[in-house]
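Please open the structure below in your viewer and keep the selection box handy. We will take it stop by stop.

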Amino acid sequence: MKDAMKSLGKDIRTELTGNAMTMTNISSTPEIIGVVVAFIILLIAFGSLIAAGMPIISAIIGLGSGIGTIALLTYAFDIPNVTLALAVMIGLALGIDYALFILFRYREIIKTESNHMKAIGMAVGTAGSAVIFAGVTVIIAVCGLSLVGIDFLTVMGFASAITVLFAVLTALTLLPALISIFHKKIKPKRNKSGYGSNLNTPWSKFVVGKPVIAFLTGLILLAALAIPFSHMRLGIPDNGMKPEDSTAKQAYELMADGFGEGINGPIAMLVDISDKDNPKALQNDLSNMVGYLQDKENVARVTPPQMDEDKDYALISLIPEKGPNHESTYDLVHELRDYSDHAEDQYELHTEISGRSVINIEMSEKLNDAIPLFAGVIILLAFVLLMVVFRSIIVPLKAVLGFVLSLAATLGFTTLVMQDGVLNDLFGISTTGPILAFLPVITIGLLFGLAMDYEVFLMSRIHEEYKQTHDNIHSIKTGLKESGPVIVAAALALLKLLSQQGENIHDLNELIKQNKMSEQQDLNAEALKLLNQQGENIHELNELMKRIVYKNNDFLYQHYSCCKCLENLAFAKLYCECHSCAYAVRKYLYFLNCQEPPHL
């Protein structure tokens with residue numbers, strides 16, 4: 001289209017925006033790159049190609065089994081492709097982690113145990129038990145996404161639980177088989193480990209020798225990183241947050257320069273006038289409403305009300321002063337919601353608001369309100385499970401508090417970079433704005449699972465050693481020396497895997513914003529339910545608006561025969577594709593009456 005427009009003249013600049021510009025697919029390239037880098041990290045850690053490859057092979061086969069199971073379930077359930085994004089991410093990452101835990105434990109045991117079959121059994125009996133518990137906590141966490149109340153996230157959570165289950169199963173079954181086959185190729189150097197072995201490392205000497213300083217250092221660092229979390233704003237990124245060189249971003253800025261930032265996120269106010277019998281009084285009430293709305297803060301302009309054919313509804317379009325994700329637009333949406341009560345009392349008119357900005361804000365608030373319940377339930381369940389495993393209150397309490405601090409620090413640092421713009425150039429963030437509304441709940445599920453994984457693996461080794469020696473200091477040093485390296489290696493491999501998911505997270509956000517997402521995942525339907533609680537009539541009008549805008553790009557042309565203004569009709573078709581339902585309906589109503597649209 002841009003090439004075709006060039007023929008009209010060199011002075012004409014064309015940029016594209018609209019739903020057709022967001023057709024994306026989840027890519028497999030990030031996973032491939034992440035696996036390669038993870039293999040390199042494991043190769044450095046093990047010093048053996050076969051040993052480094054075992055966790056990768058186990059994870060890939062487990063992931064394939066999980067995805068295959070999900071594919072079979074699609075014959076009975078509707079499972080959107082986009083839900084596989086988290087399932088693949090977490091299934092691959094934890095598949096490597098769990099296999100790595102057991103393999104590291106085997107290599108430690110085989111140093112003093114001559115029988116490799118016995119060593120495999122001991123590794124599965126010790127590290128395998130930790131893997132089972134860690135897997136159960138992750139499954140609880142991802143299934144907890146169903147508490148958010150959004151169907152698409154619920155399916156994503158259950159799909160992720162399936163891949164985690166297969167990650168645990170392959171680590172407990174396939175990996176021991178691989179170790180048995182290749183045990184001669186992965187033997188570490190033997191040593192006679194004993195109670196008096198040198199377990200001192202610089203880190204263990206610092207932690208054990210100066211525990212108060214170590215505790216305060218970690219606490220202060222995490223607390224400092226968590227401070228920006230207090231002003232984190234959630235939202236659904238719009239075209240204004242896309243890369244500077246994208247045509248959608250440039251179209252966004254051109255429209256903002258020409259018509260004001262608010263033109264990228266108009267708000268439609270629907271007024272129920274079905275009970276009004278006096279046209280003159282109704283016109284006066286609507287005029288007063290428009291005047292009141294025009295005088296409100298953060299409103300750039302308000303269009304005159306337009307009636308539907310049956311004179312049951314009136315449509316008023318408001319253009320905010322700022323863009324869809326600006327704080328003032330959020331405030332305006334809340335004020336317009338509250339205005340419904342004012343209109344009921346003063347004019348006996350019921351109002352509802354809609355539009356992309358409103359739906360995004362409603363969705364963000366719903367997700368934000370669900371975070372305390374979601375986090376609280378999974379933390380409580382994990383606390384109970386940890387108490388059962390370790391028969392202690394201090395260990396579970398420490399694990400939960402550590403997770404909460406880690407979560408706050410993670411979201412705080414994300415806010416600092418993504419929203420506040422600190423170090424944004426270093427991380428390749430060109431435009432700052434609200435945090436993706438889905439990020440906190442996904443982060444909670446993923447981070448909670450990983451935090452419990454590492455906690456259980458470290459504490460299980462310490463607990464195992466303590467039962468044999470009853471020496472607290474020795475047990476801690478043993479756990480740090482033997483389990484510490486595997487946790488670091490697993491974290492580094494996982495860090496690279498997740499960092500490669502930046503492309504897929506962007507694609508996931510685009511898929512969420514696509515109109516087809518409403519058909520495939522009912523995502524927009526969930527948001528519209530928030531707007532349809534007041535009655536079936538408002539629901540029907542919202543559905544009408546959706547059909548007018550989204551059903552067919554050529555919808556308006558079917559009215560050409562009764563409309564004389566071809567130029568304005570073509571303009572409205574293009575305008576409809578780029579803007580909210582409110583403007584599409586407004587233009588449509590004008591054309592049905594063969595009227596000239598007002599100049600914008």
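**The whole chain**

Of the 600 residues in the chain, 52% are buried (buried means under 20% relative accessible area, exposed over 50%, and partly exposed in between, with a 1.4 Å probe and protein chains only). This is a predicted model, where local features need pLDDT of at least 70 and side-chain atom pairs count only at pLDDT 80 or more, while totals for chains, interfaces and linings use all residues. Residues are numbered from 1 along each chain as its sequence is written, and side-chain values use heavy atoms, with hydrogens and water left out.

Switch to a cartoon view and you have 21 helices and 7 strands to look at; these are DSSP runs numbered from the N terminus, with helices being H or I of at least four residues and strands E of at least two. Contacts (heavy atoms within 4.5 Å) link distant parts of the sequence: among those with a separation of 6 or more, 75% are between residues 24 or more positions apart. Now turn on the surface. Its accessible area is about 28200 Å², and carbon and sulfur atoms account for 60% of that (Shrake-Rupley method with a 1.4 Å probe; for residues, only the protein chains shown count as cover).

**Stop one: helix α11**

Select residues 327-347, which form helix α11, and find Asp 338 in it. Is Asp 338 buried or exposed? Asp 338 is exposed, at 56% relative accessible area. Next add Asp 275, Asp 277, Asp 341, Glu 344, Asp 345 and Glu 348, which form a negative surface patch together with Asp 338. Patches are made of residues with over 30% relative accessible area and no salt bridge, joining like charges within 9 Å and nonpolar side chains (Val, Leu, Ile, Met, Phe, Trp, Tyr) within 5 Å. Lys and Arg count as positive and Asp and Glu as negative, leaving out His and the chain ends; the place of a charge is NZ of Lys, CZ of Arg, CG of Asp or CD of Glu.

**Stop two: salt bridges**

Side chains of opposite charge can pair when their charged atoms come close. With a salt bridge taken as a side-chain nitrogen of Lys or Arg within 4 Å of a carboxyl oxygen of Asp or Glu, the count is 12.

Select Glu 335 and Lys 296: their closest N and O atoms are 3.5 Å apart in a salt bridge. Glu 335 is in helix α11 and Lys 296 in the loop between α10 (279-294) and β3 (299-302), so this pair ties together parts 39 residues apart in sequence. Lys 296 is buried at 16%, whereas Glu 335 is partly exposed at 30%.

Now pick Arg 337 and Glu 362, a salt bridge with its closest N and O atoms 3.0 Å apart. Since Arg 337 lies in helix α11 and Glu 362 in helix α12 (residues 356-390), the pair ties together parts that are 25 residues apart in sequence. Elsewhere, Arg 105, Arg 461, Glu 464, Glu 465 and Glu 482 are joined into one network by salt bridges that share partners.

Zoom in on Glu 465, in helix α14 (residues 439-469). Glu 465 is buried, with a relative accessible area of 10%. Leaving aside residues up to four places away in sequence, Glu 465 touches His 470, His 474, Ser 475 and Thr 478.

**Last stop: a nonpolar patch**

Finally, select Leu 221, Leu 225, Phe 413, Val 422, Leu 423, Leu 426 and Phe 427, which make a nonpolar surface patch of about 640 Å². Val 422 sits in the loop between α13 (394-419) and β7 (435-436), and is partly exposed at 37% relative accessible area.
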